[in-house]
Amino acid sequence: MHRDEAIAAVRDAISPQLHRKVTVTWRDHIWTVTPERLGARNNAARIVEAALAASDDTSFFDKMKLRVFGDEFGFERSIAITYPRQGVRGYVEGLAGSLNKKPVDATIDYSTGWVETTGSNTGRKVELVPSRRALQTALRKGTDNAELSVKILQPEVTEESFDQILLVRIGENRLYLYEDGKITHDWPVAPGQSAYPTPQGIFEVTEKRYMPTWVNPSPDGWGATLPPSIPPGISNPLGLRAINWSAPAIRFHGTTATYSLGYNASHGCVRMSNDDVIQLYDLIDVGTPIVSTQVAPYRPLVTTTSVATTPTTDPDRVQTDSTQNDGKNDRKKDN
């Protein structure tokens, strides 16, 4: 054969190796690629050149013997097929770009004024090094299958985080308890006045306090005429239970001033009757999400008077106004 004929013959012989299909899989995802597409190379031309060079070194007499007697020319070389790492790397990274997916956290939507939750989803990430190694091994060993290595990514927040949700509807001035997506309880409450609004957004229960002690939050200011603290009991400004929010100095707490329920009457906290706050205390756990949103105009309680301007020891006024920073230091003194 002439040189070009020989090269073509050798390449035809190795063509099945270069065009064979290698299947890359992950679960029900299937991709097919060939070694040639991945940039596989061969040394057919160099081997043919070496064979022709060896033939040129053979004498005319030896060539005649080969032709007459049908002997074989004693030249053997293996055709090498190489698989560049760059091609495998680029292919696997391309698959990762289409397969990778970030996990999705469950979320709370209260844009309508009511609570709805969206579900979470797992994510996934192709592990590049072991996936490249698997494909490279399949190419070199002549096998037809390589499996991607994929890590499943878990969301940080799942639906289980929202098995209970508290919803404070400011303006309507009512508290709702959702359990597994449905309202199971609701209570009248007294959120903050317009001048001292209850914060809005998503918070959570950080602490449940049984029979809390009230500690005077402003002994040198508006609380100068009030005692340093009030021990647990029915006359305590925090009532019989207090449930702290993740918002600073804000809590659900009991009150004897039940006439204020249904109105915006506090300095930011959310008042409940003692019976209701005890029920709430027993129903929920620390970590329960709290959604606070305004759904209607404020309903002021006309009789509310601020002890900041009118100091008093009247139980109702103490109960009404001590909630501005009610007991922000009383964790140390809780009973």
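This report describes a sheet, three salt bridges, a buried serine and a pocket in a predicted model.

## Basis of the values

The model is predicted, and local features need pLDDT of at least 70, side-chain atom pairs count only at pLDDT 80 or more, while totals for chains, interfaces and linings use all residues. Residues are numbered from 1 along each chain as its sequence is written, and side-chain values use heavy atoms, with hydrogens and water left out.

## The eight-stranded sheet

Eight strands form an open sheet with mixed pairing, in the order 12-11-10-19-13-16-17-18; helices (H or I, at least four residues) and strands (E, at least two) are DSSP runs numbered from the N terminus, and two strands pair if DSSP finds at least two bridges between them. Strand 12 (182–188) and strand 18 (270–273) stand at the edges with a single partner strand each, so one side of each has no neighbour in the sheet. From one strand to the next, the twist averages 30 degrees, where axes are lines fitted to C-alpha atoms (for helices over the stretch in contact) and angles run from 0 to 180 degrees between N-to-C directions.

Within this sheet, strand 13 (residues 201–210) pairs with strand 19 (residues 289–294) in the antiparallel sense over four bridges, and V291 in strand 19 is the bridge partner of I202. Helix 6 (residues 274–283) lies across several strands, including strand 10 (164–170), strand 11 (174–179), strand 16 (241–245) and strand 17 (251–255), and runs at about 105 degrees to strand 18.

## Three salt bridges

Side chains of opposite charge can pair when their charged atoms come close. A search of the whole structure finds three salt bridges, each defined as a side-chain nitrogen of Lys or Arg within 4 Å of a carboxyl oxygen of Asp or Glu. In one of them, D144 is paired with R20, and the closest N and O atoms are 3.4 Å apart. This pair links distant parts of the chain, 124 residues apart, with D144 in the loop between helix 5 (128–141) and strand 8 (145–147) and R20 in the loop between helix 1 (3–19) and strand 1 (22–26). D144 is partly exposed, at a relative accessible area of 46%, whereas R20 is buried at 12%; buried means under 20% relative accessible area, exposed over 50%, and partly exposed in between (1.4 Å probe, protein chains only).

R174 and D186 form another salt bridge, with the closest N and O atoms 2.6 Å apart. R174 lies in strand 11 and D186 in strand 12, so the pair ties together parts that are 12 residues apart in sequence. R174 is partly exposed at 27% relative accessibility, and D186 is partly exposed at 35%. E172 also forms a salt bridge with R169, at 2.4 Å between the closest N and O atoms; here E172 is partly exposed at 30%, while R169 counts as buried at 10%.

## A buried serine in a loop

S260 is placed in the loop between strand 17 and strand 18, and at 0% relative accessibility it counts as buried. Leaving aside residues up to four places away in sequence, S260 touches A190, A265, R271 and L301, contact meaning heavy atoms within 4.5 Å.

## The second largest pocket

The second largest pocket has a volume of about 190 Å³. On a 1 Å grid over the protein atoms alone, a pocket is an open set of points where a 1.4 Å probe fits, with protein on both sides within 12 Å along at least five of seven lines, and lining residues have an atom within 4 Å of a point. Grid points are joined across faces, edges and corners, and the volume is the space filled by probe spheres set on the points.

Among the lining residues are R85, R89, R132, R133 and R140. Helix 4 (85–99) and helix 5 are the elements that give two or more residues to this lining, and helix 5 gives the most, with six residues.
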